[in-house]
Amino acid sequence: MRKRSRENCEEPAATASNDDRLGSLPDDALLHVLSLLPSEDAVRTCVLARRWRHLWRFTAALRIARDDGKRWSVRWLHRFVTNFLRLRDSLSPLDVCDIFCCPFVLYRGGHAAQAFCFKVAEEWVRRVVSEHRARVLKVWIYTPENMLEPADAPLVSKHLTRVELGQVELPSGILDLSGCRALEHLELISCRIESERILLPSVKHLTITNSSFCIIPCSSISAPSLVSLQLSDNWGFTPVLESMPSLAKAIVRFDDECCEKCPRNYYGDCGLGDCDGCYGNLCLEDDEDNQCVLLKGLSGTTNLELIGLPEVFVCRKDFKWRPTFRKLKTLLLNEWCVADDFSLLIYFLQHSPILEKLTLQLSKVPEPVVKANGCHSPREGSMVSKCLKAIEVKYQEDGVLDKLLTILNTYGVSSDVVTIQKKDSLSSEMQCGASDPVRFDWLPVLIGHCQHRCRIHSSHCPGFCAIFRWATANLFL
């Protein structure tokens, strides 16, 4: 098939009549709108007019996603994506590959269709990375029973800058991203991680949420360029964080799914084989057990949010290595830090020399933990940071408040910097960057013309209606 150049597509725009407002828009404006639509709707615009026939082939996005609950046949989807990649202009870079598939794989073909879907999805990913130079890769294929399990081979690309994976099983090789030197953002949601070592030399922003770390000994994360880190509500055994000298912000949260809990022992080594929390420690060699898991990697951060249950022993065990938080300026903790007579809270205050703000969220009075011989005891008479300007205490139950204020006064914290609020409920909000609203000067013209054209073509051109629906629902005028 003869390749059609962008210049050929732009000719009708130059000769459009004054009445055709849509035709007077530049191709770049139309291509931007098309790249934000699902690819199926973008392709349908080829029937609008002669000018639109090949325009979709230059869109900078492959988006396989539906929000209307429609179920697809896997083989139809495979044909569509294969033809889309084959027919699109190979010289136009692919900015975004966004594949989101709901459990349509059960609609027809059962488990055989599901296996076929996983196979072709991996083919799409490899093709868009290697052949179409994708810069943003988003993949989430949801099925009730299984996960997409790509081949145990690392991704290699000099174009990838962002990767988001959901419901993917990640073997050891694929999380070696040393071959993606431009990659800066990595987000893993509801994934199963089976990598012993996660190598992220260029990644600056890492998010792992609702995922499982399934191997023993536990995984380790090497990310020397990391600036922000979020580890939230993961299942299994906490990964070891290696040195992160550039880290500026870290959010670490442990919920009920964390396996490292022990009600019998302060450090999680009660020695009982029926203790699920200590099982990981029983399987470790002595040199593997004697390592700092979290706090060494977090010790260089500027802003830290550390939320967990009092029975989680990961951080208590890390305090044996006496980390110092020399750059820490803002700190948020919950009741886990006061469960052992406030000693861990005091440790933070005494070993954070430039700490400026501390926030404590105390939703309940924690049960006392079983202390161990040799556990950390605060240094008597040691003062807290002279830079401390504010301590915010948000609490629900009164039982812990009086003792907390006494402890703070004992270690030199002035009452002038303490603010106390009683709350009906507490929740620590994770901050996430939000992009600015999309604004285009030509959009009023486009929507006004869409209203006229939709009345004429709505029964013949679903693609044109898709443009109008997207523009009116998503753009701010």
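# Exercises on sheets, helices and salt bridges

In this predicted model, two bridges join strand 5 to strand 7 (residues 192–193), and these two strands run parallel.

**Exercise 1.** Starting from this pair, establish the order of the sheet to which strand 5 belongs, and identify its edge strands.

*Solution.* Take the residue pairing as the first step: leucine 170 has isoleucine 193 in strand 7 as its bridge partner. The next step places the pair in its sheet, an open one made of four strands in the order 5-7-10-13, with parallel pairing. Strand 5 (169–170) and strand 13 (235–236) are the edge strands, each of them pairing on one side only.

**Exercise 2.** Determine the strand order of the open sheet that contains strands 8, 11 and 14, and explain why one side of strand 8 and of strand 14 is left without a neighbour in the sheet.

*Solution.* The sheet is open and consists of three strands, ordered 8-11-14, in parallel pairing. Because strand 8 (197–199) and strand 14 (240–241) stand at the edges and have a single partner strand each, one side of each is left without a neighbour in the sheet. Turning to the contact between strand 8 and strand 11 (residues 220–222), one finds three bridges joining the two parallel strands. Within this pairing, arginine 197 has serine 220 of strand 11 as its bridge partner.

**Exercise 3.** Describe the pairing of strand 16 with strand 15 and with strand 17, and decide whether strand 16 is largely enclosed or largely open.

*Solution.* Begin with strand 15 (residues 249–253), which runs parallel to strand 16 and is joined to it by five bridges; here alanine 250 stands opposite leucine 304 of strand 16. Then consider strand 17, which also runs parallel to strand 16, the two being joined by four bridges, with asparagine 303 standing opposite threonine 330 of strand 17. As for burial, four of the five residues of strand 16 are buried, so the strand is largely enclosed by the rest of the structure.

**Exercise 4.** Describe how the buried residues of helix 10 and of helix 11 are distributed, and name elements that cover them.

*Solution.* For helix 10 (residues 343–350), the count is eight buried residues out of eight, and the helix is accordingly described as mostly covered. The buried residues run from Ser343 through Leu344, Leu345, Ile346, Tyr347, Phe348 and Leu349 to Gln350. Among the elements that cover them are strand 16 (303–307), helix 9 (314–318), strand 17 (330–334), strand 18 (357–362) and helix 11 (401–410).

For helix 11, the buried residues are Leu401, Leu404, Ile407 and Leu408. Viewed down the helix axis, these buried residues fall within an arc of 125°, so they line one face of helix 11. The face turned away from this buried side carries Asp402, Asn409 and Thr410, which are exposed. The cover over the buried residues of helix 11 includes helix 10, strand 18, strand 19 (390–395) and strand 20 (418–422). Just after helix 11, glycine 412 adopts a positive phi of about 85°.

**Exercise 5.** For the salt bridges of aspartate 27, aspartate 95 and lysine 357, find each partner, the parts of the chain that are linked, and the burial of the residues involved.

*Solution.* A search of the whole structure yields 13 salt bridges. In one of them, aspartate 27 pairs with arginine 51, with the closest N and O atoms 2.4 Å apart. Since aspartate 27 lies in helix 2 (residues 27–36) and arginine 51 in the loop between helix 3 (39–44) and strand 1 (61–64), the pair ties together parts that are 24 residues apart in sequence. Aspartate 27 is buried at a relative accessible area of 3%, and arginine 51 is buried at 8%.

Next, aspartate 95 and arginine 135 meet through their side chains in a salt bridge of 2.1 Å, N to O. Aspartate 95 lies in the loop between helix 4 (74–87) and strand 2 (96–101), and arginine 135 in the loop between helix 5 (110–130) and strand 3 (136–141), so that distant parts of the chain, 40 residues apart, are linked. Aspartate 95 is partly exposed at 28% relative accessible area, and arginine 135 is partly exposed at 35%.

Finally, lysine 357 forms a salt bridge with glutamate 392, the closest N and O atoms being 3.5 Å apart. This pair links strand 18, which holds lysine 357, to strand 19, which holds glutamate 392, across 35 residues. Lysine 357 is partly exposed, with a relative accessible area of 32%, and glutamate 392 is partly exposed, with 21%.

Notes. Residues numbered from 1 in each chain as written. Predicted model: local features only at pLDDT ≥ 70, side-chain atom pairs only at ≥ 80, totals over all residues. Heavy atoms only, no water. Buried < 20%, exposed > 50% of the residue type's maximum accessible area, 1.4 Å probe, protein only. Contact = heavy atoms within 4.5 Å. Pairing = 2+ DSSP bridges. Arc of directions from axis to C-beta. Salt bridge = Lys/Arg side-chain N within 4 Å of Asp/Glu carboxyl O.
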